[in-house]
Amino acid sequence: VRALFARDGYNLPSLPARAMPAKGTPAWHAAQKAQAGGKPQVDKTFGMKNKKGKAVQAKFHTQNGGADNAAQEKRRAEMKKAEQEAMNALLFQEAKKKNEKNKEKAKKEEKKKEEDKEPTEMLARIEWLKKRTTTRTPVTLDRLKAWIERKKAKKEAERLPQLGNAKAA
């Protein structure tokens, strides 16, 4: 074919020499033997891919290209580092937001205190104090006793139907 093109005046570039002969040819087999030092190459990992056990898998991975393992470990380390950075950013961002919210609440309370000045009249002062009080009802001995009695009565009311069912059975 080259001769025909050369005859018609076409100048074809020279093709690069193949590094390896076509697969399956006798020349290919000879090249394989030469690369292996006169011995045919044997795949030592044949059949090991699906074997169970850490030792077998480790042996398979080291024989099947340790460079891939190093690259995978590097990618895993990068992913782990990126995940850790994202988690830190999220945690510190939340803390910052909560801190800012608390500061805003404190500023609003200060403004309310500054705006509401304590009245001088007795009734107005009592109402003003009631409005500012945000605590729950204080516990006194009388209130505690009443609460305990209500709780006992409620338990007894729940227990009576259960006792009636047990006696009937």
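Reader: Which side chain meets Glu156 in a salt bridge?

Author: In this predicted model, Glu156 lies in helix α6, which covers residues 141–168, and its partner sits in that helix too, 3 residues apart, or about one turn of the helix. Glu156 is partly exposed, with a relative accessible area of 38%, and the partner is likewise partly exposed, at 44%. The N to O distance of the salt bridge is 4.0 Å, and the side chain that meets Glu156 is that of Arg159.

Reader: How far apart are the closest N and O atoms of Arg76 and Glu73?

Author: Arg76 and Glu73 are 3 residues apart in helix α4, residues 66–115, so about one helical turn separates them. Glu73 counts as partly exposed, at 47% relative accessibility. The two residues form a salt bridge, and their closest N and O atoms are apart by 2.8 Å.

Reader: How many salt bridges does the structure hold?

Author: One salt bridge joins Arg76 to Glu73, and another joins Glu156 to Arg159. For the structure, the number of salt bridges is 2.

Reader: Is Lys108 buried or exposed?

Author: Lys108 lies in helix α4 and belongs to a positive surface patch, whose other members include Lys97, Lys101, Lys105 and Lys112. The relative accessible area of Lys108 is 57%, and a residue is called buried under 20% but takes the opposite label over 50%. Lys108 is therefore exposed.

Definitions and conventions:
Residues numbered from 1 in each chain as written. Predicted model: local features only at pLDDT ≥ 70, side-chain atom pairs only at ≥ 80, totals over all residues. Heavy atoms only, no water. Helix = DSSP H or I, 4+ residues; strand = E, 2+ residues; numbered from the N terminus. Buried < 20%, exposed > 50% of the residue type's maximum accessible area, 1.4 Å probe, protein only. Patch = residues over 30% accessible without salt bridge, like charges linked within 9 Å, V, L, I, M, F, W, Y side chains within 5 Å. Areas by Shrake-Rupley, 256 points an atom, 1.4 Å probe, with all protein chains shown as cover. Lys, Arg positive; Asp, Glu negative; His and termini not counted. Charge placed at Lys NZ, Arg CZ, Asp CG, Glu CD.
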